[in-house]
Amino acid sequence: MEHKPLIITCAVIGAELTTASSPYLPLTPDAIAKSAIEAVKAGAHIIHLHVRDEKGRPSQRVDLFDEISKTIRKQCDCILQYSTGGAVGTPLDERIAPLKLKPEMATLSMGTMNFGDDIFENSEATIHSIAAAIQNNGIVPELEIFDCGMLDTAHRFIQKGYLPDKFHIDFVLGVSGGMNGDLKNLMFLAGKLKPEQLWTVAGIGKHQLQLSAHAIAMGGHVRVGFEDNIYYKKGELAKSNAEFVMRIVRLASELNRPVATLEQAKTVLSLND
Ligand code: KMH
Ligand code: ZN
């Protein structure tokens with residue numbers, strides 16, 4: 001079967017990492033924007049964006065999202081996908097605040113889970129509130145699926161008409177507390193989708209490379225980046241987000257999977273409608 005052109009997401013930094021884990025992380029507004037621009041120039045279509053304040057602390061401040069988005073957009077064209085997950089424990093009003101800037105996409109986590117030693121709270125009421133904020137701002141959601149029950153919740157929300165018609169799905173596999181990065185989990189989850197449903201896999205840590213390769217072969221799409229993984233290979237820290245993206249572009253070429261143009265990516269993600 002001929003697969004659709006590949007869409008690459010780069011999750012530039014996330015909310016959890018600190019300088020203790022790697023010296024190469026972009027941890028200020030300028031560094032995040034620069035790293036995102038490099039990733040887009042390397043081939044990423046979607047920038048999954050968390051922001052940090054001037055001290056490198058995770059933040060959902062609207063002014064920071066605005067500033068970083070403007071810097072990125074000035075230097076390259078891409079799809080911005082804002083995180084509504086924020087950091088564990090971020091209050092709901094802060095999580096949805098940046099959506100008023102109307103990025104093309106935003107995340108919507110489909111359930112509560114253990115997240116390492118913490119609890120990532122996404123009660124049904126929280127999911128409804130974030131979904132409404134996404135819909136009211138005309139944004140395309142990406143449903144974040146960390147576990148099988150979250151996909152069942154997503155299907156229930158879709159069936160009941162609680163979500164917009166157009167959405168994307170991201171399987172995040174390997175978070176401690178969610179489904180692990182075993183390939184069987186990806187096969188199982190992807191097998192529960194309609195064949196025409198677009199999906200991406202974000203493999204955490206050591207799972208990133210293998211799951212990416214399988215997603216390319218299966219017709220899925222790929223998310224890479226420091227948020228999910230700081231190692232380029234065992235024992236070797238990645239020096240930039242662009243390195244991860246370049247490797248996916250090379251893998252796709254080896255596997256005969258064309259990489260989407262930005263216009264193709266926007267079209268299949270319903271961003272041109
Ligand atoms: N930082 C995690 C607790 C998202 O971006 O929507 C949640 C997260 C998901 O990163
Ligand atoms: Zn995130």
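This report describes the surroundings of ligand 1 and the pocket that holds it in a predicted model.

Local features need pLDDT of at least 70 and side-chain atom pairs count only at pLDDT 80 or more, whereas totals for chains, interfaces and linings use all residues. Side-chain values use heavy atoms, without hydrogens and water.

The residues around ligand 1, each with a heavy atom within 4 Å of it, are E16, H48, H50, S83, G85, G86, V88, T107, F115, F120 and E227. By class, this shell comprises three nonpolar, six polar and two charged residues, with Asp, Glu, Lys and Arg counted as charged and Gly among the polar ones. Polar contacts, meaning pairs of N or O atoms within 3.5 Å, include those in the table.

| Residue and its atom | Atom of ligand 1 | Distance |
|---|---|---|
| H50, polar side-chain atom | oxygen | 3.0 Å |
| G86, backbone N or O atom | nitrogen | 2.7 Å |
| E227, side-chain N or O atom | oxygen | 3.0 Å |

Taken alone, ligand 1 exposes 300 Å², of which the protein buries 98%, with areas from the Shrake-Rupley method and a 1.4 Å probe.

The space taken by ligand 1 is the largest pocket, a pocket being an open set of points on a 1 Å grid over the protein atoms alone, with protein on both sides within 12 Å along at least five of seven lines. The largest pocket has a volume of about 530 Å³, and of its 27 lining residues, which have an atom within 4 Å of a point, those closest to its centre are E16, F115, V175, I204 and E227. The lining has eleven nonpolar, eleven polar and five charged residues.

Terms used. Residues numbered from 1 in each chain as written. Chains lettered and ligands numbered in written order. Polar contact = N/O pair within 3.5 Å; in protein donor to acceptor, adjacent residues only side chain to side chain. 1 Å grid on protein atoms, 1.4 Å probe; cavity = no way out; pocket = protein on both sides within 12 Å on 5 of 7 lines; lining within 4 Å. Sits in = over half its atoms within 2 Å of the grid points. Points joined across faces, edges and corners; volume = space filled by probe spheres on them.
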